[in-house]
Amino acid sequence: MSEQAGAMDRGIRRATSEAADVDAAVADIVAGIGQAPVALLLLFCSPAYNLTGVAAGIEEEFPGTPIAGCTTAGEITPFGYRTGTVTVIAFSAAHFTATARLIENMSAFSFEDGQTLVREMRQLHGEARGGRAGGTFALLISDGLSMSEEMLVSILGDAFEEIPLVGGSAGDDLMFRETRVLLGEIARKDAAIVTLISTDLPFQVFQTQHFVSSSEKLVVTRADPSRRLVAEINAEPAAAEYARLIGLRDGELNAQVFAAHPLVVRAGGRDYVRSIQRVHEDGSLSFFCAIDEGIVLTVANSIDLVANLVDTFENLKRSVGSIEAILGFDCVFRYLEMEQRQILGLVSKLFVENQVVGFSTYGEQFGMMHVNQTFTGIAFGTGQDHE
């Protein structure tokens, strides 16, 4: 079975397919996108598919079009949340200019590498853009199992200076085996895709979350920061102490529990979620974000996720006018929490109404920060006022 969404009036088109066969999925995508020239095509692909095979098929139909993307932990399609799909968003050449680069060996990426790369990208992008009006943002798609996103986004966020940076970390349907990013027909791990995108459409980058810190404090007393691994909390085995604080036993910990009870660190007057990825047999905990000895965490309190999204969309409409599309990066633990609370269908409907397309991530990037359990992205307006 396939599903498509046709061209929209302005510069962004979206399509998705659930066809199991790669050729059939590509045909669905091509039919959904249409034939207008494309400046950049973003491909969000379930790990059930051959990512390079899908990209090669699409490139054959759109020769010369930059294609970037990744494997996912679920897709946000024109029809809401799905798993097991190929989903794309295409930015038309009439309204967008894009310059994309592959960062290989991202775990060894240095400050100097970032300065050089961004300087070269700015120059090439300026030449490609010519005198076209509009604003510019940077898009980052990273290997979600590299454990290097904090360093990379900090380096690039600093190098891009006034240009806002936003993005997400690739997933693999919570298997935690291998995530891949793609540029052209090349898919790699320990890699990232960074893209400068300019458009004459109004746009707004954003980030929102539905957790705030509580008074229940936890101190990381033994950790291996290079592996995002915590062995002890409050001088007790990490899993057992975390479980005690949320009223469970360590044998009851799983992804659904971690989604419902994340931890929060406060920095610069803001709360940032630090999501637990998994529990190990020795009672240690792996995290999706950087963690270090001595850091003080609190168990997070949830606010109304749906109300938070409604407010977010209304604020975006006030900023960009009527929404043409939202490119969204939504943490996979939010998806798990929505399943638990039986609000997935309601949020899916909100996403459809607000033209969201994107994927469920293993982390989100915003500015110079790598974060968890947020909904992050870019909203594009039609240029018309929102009623």
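**Why these labels?**

Modeller: Let's start with Val 205, which is buried, with a relative accessible area of 15%. Bear in mind that this is a predicted model.

Colleague: Why is Val 205 called buried?

Modeller: The word applies under 20% relative accessible area. Val 205 has 15%, so buried is the right label.

Colleague: Where is Val 205 found, and what does Val 205 touch?

Modeller: Val 205 is in strand 14, residues 203–208. Leaving out residues up to four places away in sequence, Val 205 touches Phe 137, Pro 164, Val 166, Phe 366, Gly 377 and Ile 378.

Colleague: On to the helices. Why are helix 3 and helix 4 called oblique to each other?

Modeller: Their axes cross at roughly 45° and come within 9 Å. Under 35 degrees would count as roughly parallel, and 65 to 115 as roughly perpendicular. The crossing angle fits neither, so helix 3 and helix 4 are oblique. Helix 3 also passes helix 4 in a right-handed crossing.

Colleague: Which residues make that contact?

Modeller: Helix 3 brings Phe 111, Gly 114, Gln 115, Leu 117, Val 118 and Arg 122, while helix 4 brings Ile 155, Leu 156, Asp 158, Ala 159 and Phe 160. Seven of these residues are nonpolar, two polar and two charged.

Colleague: And helix 2: how do you know that its buried residues line one face?

Modeller: The buried ones in helix 2 (residues 51–61) are Leu 51, Val 54, Ala 55, Gly 57 and Ile 58. Looking down the helix 2 axis, they fall within an arc of 160°, so they line one face.

Colleague: What covers them?

Modeller: The cover over the buried residues of helix 2 includes helix 1, strand 3 and strand 4.

Technical notes:
Residues numbered from 1 in each chain as written. Predicted model: local features only at pLDDT ≥ 70, side-chain atom pairs only at ≥ 80, totals over all residues. Heavy atoms only, no water. Axes fitted to C-alpha atoms, helices over the stretch in contact; angles between N-to-C directions. Helix = DSSP H or I, 4+ residues; strand = E, 2+ residues; numbered from the N terminus. Parallel < 35°, antiparallel > 145°, perpendicular 65-115°, else oblique. Left-handed = near helix turned anticlockwise from the far one by under 90°. Contact = heavy atoms within 4.5 Å. Nonpolar A, V, L, I, M, F, W, Y, C, P; charged D, E, K, R; others polar. Buried < 20%, exposed > 50% of the residue type's maximum accessible area, 1.4 Å probe, protein only. Arc of directions from axis to C-beta.
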